[in-house]
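Ready to practise reading a protein model? Work through the exercises below with the picture beside you, and try each task before you read its solution.

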Amino acid sequence: MSSGQLYDTIGATYTVTRRTEPRIAARVWAALGDARTVLNVGAGTGSYEPADRDVIAVEPSAVMRAQRPAGAAPCVDAVAESLPFEDQSFDAAMAFSTVPHWQDPIAGLREMRRVARRVVVFTFDASDTTWRHRFWLTRDYLPEVADLLVGWPSLPELAGEIGARIEPVPIPWDCADGFLEAYWRRPEAYLDEQVRRGCSIWARIGPDAERRALRSLRADLASGRWAERNRDLVDLDAAELGLRLLIA
Ligand SMILES: C[S@@+](CC[C@H](N)C(=O)[O-])C[C@H]1O[C@@H](n2cnc3c(N)ncnc32)[C@H](O)[C@@H]1O
């Protein structure tokens with residue numbers, strides 16, 4: 001199943017928990033610089049699209065396209081790996097939380113580079129062997145995530161493909177966008193079905209692993225084991241969890 005098809009299956013309740021986080025949006029929009037025309041690739045329901053620029057969106061899932069708000073930027077049914085635009089036809093191309101879903105991330109990034117003078121990508125550092133260990137959810141409850149990363153290009157490979165610099169993006173403790181790492185200081189949130197349905201990783205690991213992870217997390221929250229293991233997080237306002245901006 002392609003990722004576009006995956007979101008046709010799992011994307012129906014996306015906007016319940018997924019929305020623009022203003023502090024991260026400020027970083028993305030600053031990285032867009034003075035770009036007037038912006039292509040948003042893997043645009044989903046339109047989060048992070050800057051309101052003060054001319055935006056065109058690309059999104060392969062009909063279910064996601066249907067949830068774009070009235071007045072959102074026009075959206076084309078296409079994939080990153082084959083963008084239906086002329087060379088250098090945008091000032092900038094952006095992609096937020098979507099590169100890990102592409103069938104061929106290198107081809108998609110090359111396409112962004114081809115159609116735009118500037119490229120801004122928000123993704124995570126999967127090449128870092130400590131990534132899974134930095135975040136307690138993947139470290140202690142979702143070992144299956146390691147299998148999903150096999151064969152994934154390293155972040156330096158991705159960045160090198162478009163000549164990008166890499167900037168860390170700390171995640172605020174009260175992050176408004178419910179991506180996988182968003183609730184790092186609010187562990188009870190992962191027990192909420194709607195929170196999990198907003199992140200594709202739960203569908204990818206499958207129902208058995210999901211049930212096991214939840215059982216284990218619920219028990220650790222009740223016994224105080226989670227609090228004991230993660231006591232260093234309680235006083236943090238933002239956490240470095242391997243999320244990165246690539247800017248080229
Ligand atoms: C986690 S959502 C992110 C959506 C949006 N950028 C956001 O931040 O809310 C990932 C999106 O990537 C889209 N996608 C999957 N494969 C794609 C591809 N090959 N090219 C472009 N988008 C793709 C999915 O359909 C989905 O809408």
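## Exercise 1: Two unusual backbone angles

Task: Decide how serine 97 counts at 21% relative accessibility.

Solution. Start with the cut-offs: buried means under 20% relative accessible area, exposed means over 50%, and partly exposed is in between, using a 1.4 Å probe and counting protein chains only. Serine 97, at 21%, therefore counts as partly exposed.

Before going on, a word on the model. It is a predicted one, where local features need pLDDT of at least 70 and side-chain atom pairs count only at pLDDT 80 or more, while totals for chains, interfaces and linings use all residues. Residues are numbered from 1 along each chain as its sequence is written, and side-chain values use heavy atoms, leaving out hydrogens and water.

Next, place the residue: serine 97 sits in the loop between S4 and H5. Helices (H or I, at least four residues) and strands (E, at least two) are DSSP runs, numbered from the N terminus.

Now look at the backbone. Most residues other than glycine have a negative phi. Serine 97 is not a glycine, yet its phi is positive, about 55°. Tyrosine 48, also not a glycine, has a positive phi of about 70°. Tyrosine 48 belongs to the loop between S1 and strand S2 (54–58), and its relative accessible area of 1% makes it buried.

## Exercise 2: Around the ligand

Task: Find which residues come nearest to the ligand and which backbones meet its nitrogen atoms.

Solution. Step one is the shell. A residue is near a molecule if one of its heavy atoms lies within 4 Å of it. There are 21 residues around the ligand, and Tyr14, Gly42, Glu59, Phe96 and Thr98 come nearest.

Step two is the polar partners. A polar contact is a pair of N or O atoms within 3.5 Å; within protein, one must be able to donate a hydrogen and the other to accept it, and residues adjacent in sequence count only if both atoms are side-chain atoms. A polar backbone atom of glycine 42 lies 2.8 Å from a ligand nitrogen. For phenylalanine 96, the distance from a polar backbone atom to a ligand nitrogen is 2.8 Å. With alanine 80, a backbone N or O atom is 2.9 Å from a nitrogen of the ligand. The protein buries 98% of the 590 Å² that the ligand exposes when taken alone. Such areas come from the Shrake-Rupley method with a 1.4 Å probe; for residues, only the protein chains shown count as cover.

Step three is where the shell comes from. Helix H1 (residues 3–10) gives the largest share, 3 residues.

## Exercise 3: An exposed and a buried residue

Task: Is alanine 12 buried or exposed, and is asparagine 40 buried or exposed?

Solution. Alanine 12 has a relative accessible area of 57%, so it is exposed. Its place is the loop between H1 and helix H2 (14–17). Contact means heavy atoms within 4.5 Å. Leaving aside residues up to four places away in sequence, alanine 12 touches Val63 and Gln67.

Asparagine 40 has 2% relative accessibility, so it counts as buried. Asparagine 40 is part of strand S1 (residues 37–41). Beyond four places in sequence, the residues it touches include Ser47, Val55, Val58 and Met94.

## Exercise 4: A covered helix

Task: How many residues of helix H5 (residues 105–115) are buried, and what covers them?

Solution. Count first: 8 of the 11 residues in H5 are buried. Among them are Pro105, Leu109, Glu111 and Val115. The cover includes S1, strand S4 (90–96), strand S5 (116–124) and helix H9 (155–162).

Then zoom in on glutamate 111, which is buried with a relative accessible area of 13%. Its side chain makes a polar contact of 2.7 Å with that of arginine 114. Farther along the sequence than four places, glutamate 111 touches Ala80, Glu81, Ser82 and Leu83.

## Exercise 5: The whole chain

Task: What share of the 248 residues in the protein chain is buried?

Solution. Buried residues make up 52% of the chain. To finish, count the elements: the protein chain has 13 helices and 9 strands.
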